[in-house]
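Student: I have a model open and would like to talk through its architecture and its ligand site. Shall we begin with the ligand?

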Amino acid sequence: MTDDTILKTDSLVKTFGGLTAVDQLSFSVTEGEVAGLIGPNGAGKSTTFDLITGFHKPTSGSVSLKGKDITGGKPYKIATSGIGRTFQDTKPFGKLSVFENMLVPQTPDVSGDDKIERANAIINKLDLNGVADENGEDLSGGQKKLLELARVLMLDPDLLLLDEPSAGVNPALMDDILDHIKALNREGHTILVIEHDMTVIAELCDTVVVMSNGDAIAEGPFKEIQQDERVRNAYLGT
Ligand code: ADP
Ligand code: MG
């Protein structure tokens with residue numbers, strides 16, 4: 001681990017009954033980068049996010065944020081200590097407007113008018129102005145992804161974990177989402193993204209971690225990873 005490591009997992013394990021979803025997983029993310037987490041369906045990627053963000057307690061192993069042990073912490077505690085997270089299946093509050101959805105997260109550092117101002121600034125930044133008064137359930141797949149990202153930004157996380165931002169998004173809006181992710185990275189958010197679409201990975205990521213059967217089988221720049229024989233066998237199918 002170097003000084004600019006923001007996130008590190010060490011021998012992380014999660015079992016569900018007889019199934020080992022995450023198996024001795026160790027990897028790290030460097031501050032300032034966009035890192036990709038890739039691997040076949042069922043490799044354990046989303047479960048890894050659940051372990052990092054406190055939605056599941058690891059069976060064993062540890063997670064640290066900027067050198068501080070956060071293993072098994074409560075989701076709200078982890079969210080307010082600098083890790084924001086979106087879900088593979090977006091779930092905005094359907095009967096609340098986009099604007100009202102933005103006020104749902106408990107923000108320890110702002111309240112009242114300041115919170116409203118922050119919500120509006122993020123809505124602006126992500127180009128959601130046009131739908132600010134629409135209900136969550138009436139948004140398109142891509143707009144729901146953007147709203148989820150917007151909501152997560154209310155806590156101004158140092159590290160953003162994005163679970164399949166392209167899933168269910170039409171290609172036109174996908175380019176916008178990619179641009180927003182890149183802009184957020186330039187503004188200082190470190191990003192770890194789970195993604196199936198390799199063109200998205202190639203365009204966004206400085207480095208990638210490849211998972212197979214719960215463990216990391218390769219880690220490095222995408223161009224190098226593509227040449228790795230184990231990766232090609234396990235995943236790329238070429
Ligand atoms: P990925 O996101 O890489 O597609 P997941 O992390 O969702 O994979 O799942 C990894 C494995 O763990 C799969 O076999 C999945 O069925 C299993 N799994 C995930 N969550 C649970 C759960 N809550 N209970 C039981 N099994 C689970
Ligand atoms: Mg998943």
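Student: Which element gives the most to the shell around ligand 1?

Tutor: This is a predicted model. In it, helix 1 gives the most to the shell around ligand 1, contributing three residues. The elements giving two or more residues to that shell are helix 1 (45–52) and strand 2 (19–30).

Student: Which residues are around ligand 1?

Tutor: They are Phe16, Leu19, Ala21, Pro40, Asn41, Gly42, Ala43, Gly44, Lys45, Ser46, Thr47 and His56. By character, the shell divides into five nonpolar residues, six polar and one charged.

Student: And what does Lys45 do there, at what distance from an oxygen atom of ligand 1?

Tutor: A polar side-chain atom of Lys45 lies 2.8 Å from an oxygen atom of ligand 1. Backbone atoms also approach the ligand: an N or O atom of Gly44 lies 3.0 Å from a ligand oxygen, and an N or O atom of Ala43 lies 3.2 Å from one.

Student: How much of ligand 1 does the protein bury?

Tutor: The protein buries 62% of the 560 Å² that ligand 1 exposes when taken alone.

Student: Back to helix 1. Which strands does helix 1 lie across?

Tutor: Helix 1 lies across strand 1 (5–16), strand 2 and strand 4, and runs at about 70° to strand 2. Strands 1, 2 and 4 belong to an open sheet of four strands with the order 2-1-4-5 and antiparallel pairing.

Student: Which are the edge strands of that sheet?

Tutor: Strand 2 and strand 5 (68–69), each of which pairs on one side only. Strand 5 pairs with strand 4 (residues 60–65) in the antiparallel sense over two bridges, and Ser64 stands opposite Asp69 of strand 5.

Student: Now the six-strand sheet. What is the strand order?

Tutor: The order is 6-7-8-3-9-10, in an open sheet with mixed pairing. Its edge strands are strand 6 (83–85) and strand 10 (215–220). Neighbouring strands are turned by 20° against each other on average, direction ignored.

Student: Do strand 6 and strand 7 run parallel or antiparallel?

Tutor: Strand 6 and strand 7 (residues 159–163) run parallel and are joined by three bridges. Gly84 has Leu160 in strand 7 as its bridge partner.

Student: Which strands do helix 5 and helix 6 touch?

Tutor: Helix 5 (residues 141–153) packs on the sheet against strand 6 and strand 7, with its direction at about 155° to that of strand 7. Helix 6 (residues 171–186) also packs on the sheet, touching strand 3 (34–38), strand 7 and strand 8 (190–194). The direction of helix 6 makes about 150° with that of strand 8.

Conventions: Residues are numbered from 1 along each chain as its sequence is written. Chains are lettered from A and ligands numbered from 1 in the order in which they are written. This is a predicted model: local features need pLDDT of at least 70, side-chain atom pairs count only at pLDDT 80 or more; totals for chains, interfaces and linings use all residues. Side-chain values use heavy atoms; hydrogens and water are left out. Two strands pair if DSSP finds at least two bridges between them. Axes are lines fitted to C-alpha atoms, for helices over the stretch in contact, and angles run from 0 to 180 degrees between N-to-C directions. Contact means heavy atoms within 4.5 Å. A residue is near a molecule or strand if one of its heavy atoms lies within 4 Å of it. A polar contact is a pair of N or O atoms within 3.5 Å; within protein, one must be able to donate a hydrogen and the other to accept it, and residues adjacent in sequence count only if both atoms are side-chain atoms. Accessible areas come from the Shrake-Rupley method with a 1.4 Å probe; for residues, only the protein chains shown count as cover. Ala, Val, Leu, Ile, Met, Phe, Trp, Tyr, Cys and Pro count as nonpolar, Asp, Glu, Lys and Arg as charged, and the others, Gly among them, as polar.
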